[in-house]
Amino acid sequence: MDSKKRLEDYRIIDIHNHIFPDKIAARAAESIKTFYSFTYMEGNGSSGNLLTLKKNLNIVKFVVCSAATKFDKVETANDFIIKCVFSDPIYAGFGTTHAGYTDHRKELERVKNAGLIGLKIHPDIQGFDIDDPGMYGAYEAASELGLPILFHIGDKKHHFSEARKLRRMMDKFPDLKVIAAHMGGYSKKNDAYEYLVGTNAYFDVSQWYNFLTEEEFVKMIYDHGVDKILYGCDFPLNSPYSAAEKFYNVNISDADKEKIFSTNSEKLFGIHF
């Protein structure tokens, strides 16, 4: 299917970008590379580098996040994202919390009042199960506050982020708006079909090319529902431009690319960026 629109003509909302304070960004990015045994890392983890690597793309919003690896780092991580969001209108932000944190509601109310639009949870790096009872207060508060949660999902190296655990949590908190990163499966793509495809969860497309063929990717988009697919590049592993280019070259219609690049995120977050 030949695209009539150039990549640069699409408005893009990129919902999946990990950033870190400048003084530790390169070290943090290298730690992620080591944690996952990646052979490449296209960014250095800083917000400035994220902007540089977008090149001439019409990215109208980068949604940035920084998951707290310990419960006592939750407020510090959220303060950093809030500061970043206020530094440049191109940024929107996801806050974070942790299973060991005790006052989820107060902190989620604080980040929402500060203008953040959701949460990011990375169970494998944070070290707890998606359905850990210590997170129930966060899920209840996020449901009531209308804060979608982006979850890293499906990792062969760890059991924390299994799709079955996300599905179990979704059944317990049916009003929570859930985004399952990496097409709901990552390195456990079969689990996405068993537990998540066809549910009301949203998927993001980040890293699809590392675990799916193009044919499998397109099939999953339509099996799940194109209106529930969001765009994200997963910086700093991937640069905004290289990830967007890979998605742009996928054999789907311009109209569906437009939905995934921006329209679906606009509808989910209730904001016209």
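A residue counts as buried when its relative accessible area is under 20%. With that cut-off in mind, the tour of this predicted model begins at a cysteine.

**Stop 1: two cysteines**

Select Cys65. Its relative accessible area is 0%, so Cys65 is buried. Next, add Cys233 to the selection. Cys233 also counts as buried, because its relative accessibility is 0%. How many disulfides does a search of the whole structure find? The search finds 0. Cys65 therefore takes part in no disulfide, given that a disulfide requires sulfur atoms within 2.5 Å and that the nearest cysteine sulfur, belonging to Cys233, is 10 Å away. Seen from Cys233, the nearest cysteine sulfur is that of Cys65, at 10 Å, and Cys233 is likewise in no disulfide.

**Stop 2: helix H1**

Select residues 22-36, which form helix H1. The helix has 15 residues, and at 1.5 Å a residue these should span 21 Å; the end C-alpha atoms are 22 Å apart, which agrees. Now display the side chains of Ala25, Ala28, Ala29, Ile32 and Tyr36, the buried residues of H1. These residues lie on the same side of H1, because they cover an arc of only 105° around the axis. Turn the view to the other side of H1, where Lys23, Ala26, Arg27 and Thr34 are exposed. To see part of what covers the buried residues of H1, add helix H5 (123-126). Finally, move past the end of the helix to Ser37, which follows H1 and has a positive phi, near 55°.

**Stop 3: the loop after H1**

Select Ser46, in the loop between H1 and helix H2. Is Ser46 buried or exposed? Ser46 counts as buried, because its relative accessibility is 10%. Leaving aside residues up to four places away in sequence, Ser46 touches Ile19, Phe20, Asp22, Ala25 and Phe235. One of these, Ala25, was displayed at the previous stop as a buried residue of H1.

**Stop 4: helix H3**

Select residues 74-87, helix H3. Its 14 residues should span 20 Å at 1.5 Å a residue, and the end C-alpha atoms are 20 Å apart, which agrees. Display Val74, Ala77, Asn78, Ile81, Ile82, Cys84 and Val85, which are buried. The arc they cover around the axis is only 160°, so they are placed on the same side of H3. Which residues are exposed on the other side of H3? They are Thr76, Lys83, Phe86 and Ser87.

To view what covers the buried residues of H3, add several elements, among them helix H2 (47-53), strand E2 (58-65), strand E3 (91-95) and helix H4 (104-113).

**Stop 5: a loop glycine**

From E3, continue toward H4 and select Gly100, which is found in the loop between these two elements. Gly100 is partly exposed, because its relative accessible area is 33%. Add Asp131 and compare the two backbone positions: the C-alpha atoms of Gly100 and Asp131 are separated by 13 Å, while the residues are 31 apart along the chain.

**Stop 6: aromatic rings**

A search of the whole structure finds 16 aromatic pairs. Begin with Phe35 and Tyr36, whose rings form an edge-to-face pair, at 4.9 Å centre to centre and 80° between the planes. Phe35 counts as partly exposed, because its relative accessibility is 26%, whereas Tyr36 is buried, because its relative accessible area is 10%.

Then select Phe217 and Phe247. Their ring centres are 6.3 Å apart and their planes stand at 75°, so this pair is also edge-to-face. The pair links distant parts of the chain, with Phe217 in helix H9 (residues 214-224) and Phe247 in helix H10 (residues 240-248), 30 residues apart. Phe217 is buried, with a relative accessible area of 0%, and Phe247 counts as buried at 0% relative accessibility.

Widen the selection to Tyr10, Trp208, Tyr209, Phe217, Tyr231, Phe247, Tyr248 and Phe261, a cluster linked by ring pairs. Two lysines may be added here. Lys5 lies over the face of Tyr10, at 4.2 Å from the ring centre. Lys246 lies over the face of Tyr209, at 4.8 Å from the ring centre.

How values were computed:
Residues are numbered from 1 along each chain as its sequence is written. This is a predicted model: local features need pLDDT of at least 70, side-chain atom pairs count only at pLDDT 80 or more; totals for chains, interfaces and linings use all residues. Side-chain values use heavy atoms; hydrogens and water are left out. Helices (H or I, at least four residues) and strands (E, at least two) are DSSP runs, numbered from the N terminus. The expected span of a helix is 1.5 Å times one less than its number of residues. Buried means under 20% relative accessible area, exposed over 50%, partly exposed in between (1.4 Å probe, protein chains only). The arc is that of the directions from the helix axis to the C-beta atoms. Contact means heavy atoms within 4.5 Å. Rings of Phe, Tyr and Trp (its six-membered ring) pair if their centres lie within 6.5 Å; planes under 30 degrees apart count as stacked, over 60 as edge-to-face and the rest as tilted. A charge sits over a ring if NZ of Lys or CZ of Arg is within 6 Å of the ring centre and within 35 degrees of the ring normal.
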